[in-house]
Amino acid sequence: MGSTEDFRNATKTAAIKCDPEEFGPNFKVLPSNDQVKELQTILRDKTTTRSDFKFYADRLIRLVVEESLNQLPFSPCSVVTPTGAVYEGLQYKRGNVGVSIVRSGEAMEQGLRDCCRSIRIGKILVESDAETHQAKVVYARFPEDIAARRVLLMYPIMSSGNTVIKAVQILKDHGVPEDSIILSNLFSTPFAVRAITSAFPKMIILTSELHQIAPNHFGQKYFGTD
């Protein structure tokens, strides 16, 4: 049996070899820089306090949400400035809604509201069956006209992709087109992305990091239940 260091090195190598482009044009990774990498490091550090964890998680969430909003359709518009000049700009097309996958997805709701203060937010609760261990939707609440809206689906950590696949399927069952869904995510494994893109190739996925090991402690740490 290999050492712990051997396992870490193998995992690191596998993560480096994974090319995001293999998942197609609808899979997007937040542009990386030193600030983003620092936030990811703090959130993965087991010594990070809960107050620091929440503060830096909210910062990373805001960056991911803002980049997710860039994936929404815009339309040209004209406005009159205070000096009376006409400015040709852009505005969001109407009909956007946020949907969080309970519970960890709720951590991303405030970041979305900070960017779109009047946006409506729905909920999906997915649980694993105690006997079969299969994921199943036990609760879903959406605006009545969700089928006509663009959906920003929020879920910070994806290890297997099973929860997201169930959530997307319930959205489709409510009439939401696959290409009208944008998944906002903080950390994902290649396994999860491969499963989701295979099931829903038309859906846009945006994450901050693609890595073989996801920080599955996120929800417990963020809400203080660890």
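**Exercise 1. Place the edge strands and the order of the sheet.**

Strands β1 and β11 (residues 204-207) run parallel and are joined by three bridges. Within this pair, Val 29 has Thr 207 of β11 as its bridge partner. Strands here are DSSP runs of E with at least two residues, helices are runs of H or I with at least four residues, and both are numbered from the N terminus. Two strands count as paired if DSSP finds at least two bridges between them.

A word on the model before going on: it is predicted, so local features need pLDDT of at least 70 and side-chain atom pairs count only at pLDDT 80 or more, while totals for chains, interfaces and linings use all residues. Residues are numbered from 1 along each chain as its sequence is written, and side-chain values use heavy atoms, with hydrogens and water left out.

Task: find the strand order and the edges of the sheet.

Step 1. The open sheet has seven strands in the order β1-β11-β9-β7-β4-β5-β6, with mixed pairing.
Step 2. β1 (27-29) and β6 (135-141) each have a single partner strand, so they stand at the edges and one side of each lacks a neighbour in the sheet.
Step 3. From one strand to the next, the twist averages 20 degrees, taken between N-to-C directions of lines fitted to C-alpha atoms, on a scale from 0 to 180 degrees.

**Exercise 2. Describe the surroundings of β7.**

Task: which strands pair with β7, and how many of its five residues are buried?

Step 1. Strand β4 (residues 96-102) runs parallel to β7 and is joined to it by five bridges; Gly 98 has Leu 152 of β7 as its bridge partner.
Step 2. β7 also pairs with strand β9 (residues 181-184), in the parallel sense and over four bridges. Here Leu 153 stands opposite Leu 183 of β9.
Step 3. In β7 (residues 150-154), four of the five residues are buried. Buried means under 20% relative accessible area, exposed means over 50%, and partly exposed lies in between (1.4 Å probe, protein chains only).

**Exercise 3. Trace the nonpolar core.**

Task: which residues have the most contacts inside the largest nonpolar core, and which element gives the most to it?

Step 1. A nonpolar core is a set of buried Ala, Val, Leu, Ile, Met, Phe, Trp, Tyr and Cys residues joined through side-chain atoms within 4.5 Å.
Step 2. The largest one has 30 residues, and Leu 153, Val 164, Leu 171 and Leu 183 have the most contacts inside it.
Step 3. At least two residues come from each of β4, β5 (120-128), β7, α5 (162-173), β9 and α6. With five residues, α5 gives the most.
Step 4. Leaving aside residues up to four places away in sequence, Val 164 touches Ile 101, Leu 153, Tyr 155, Met 158, Leu 183 and Ile 196 (heavy atoms within 4.5 Å).

**Exercise 4. Sort the faces of α6.**

Task: which residues of α6 are buried, and which are exposed on the face turned away?

Step 1. In α6 (residues 190-199), the buried residues include Pro 190, Ala 192, Val 193, Ile 196 and Thr 197.
Step 2. Viewed down the axis, the buried residues of α6 fall within an arc of 155 degrees, so they line one face; the arc uses directions from the helix axis to the C-beta atoms.
Step 3. Phe 191 and Ser 198 are exposed on the face turned away from the buried side.
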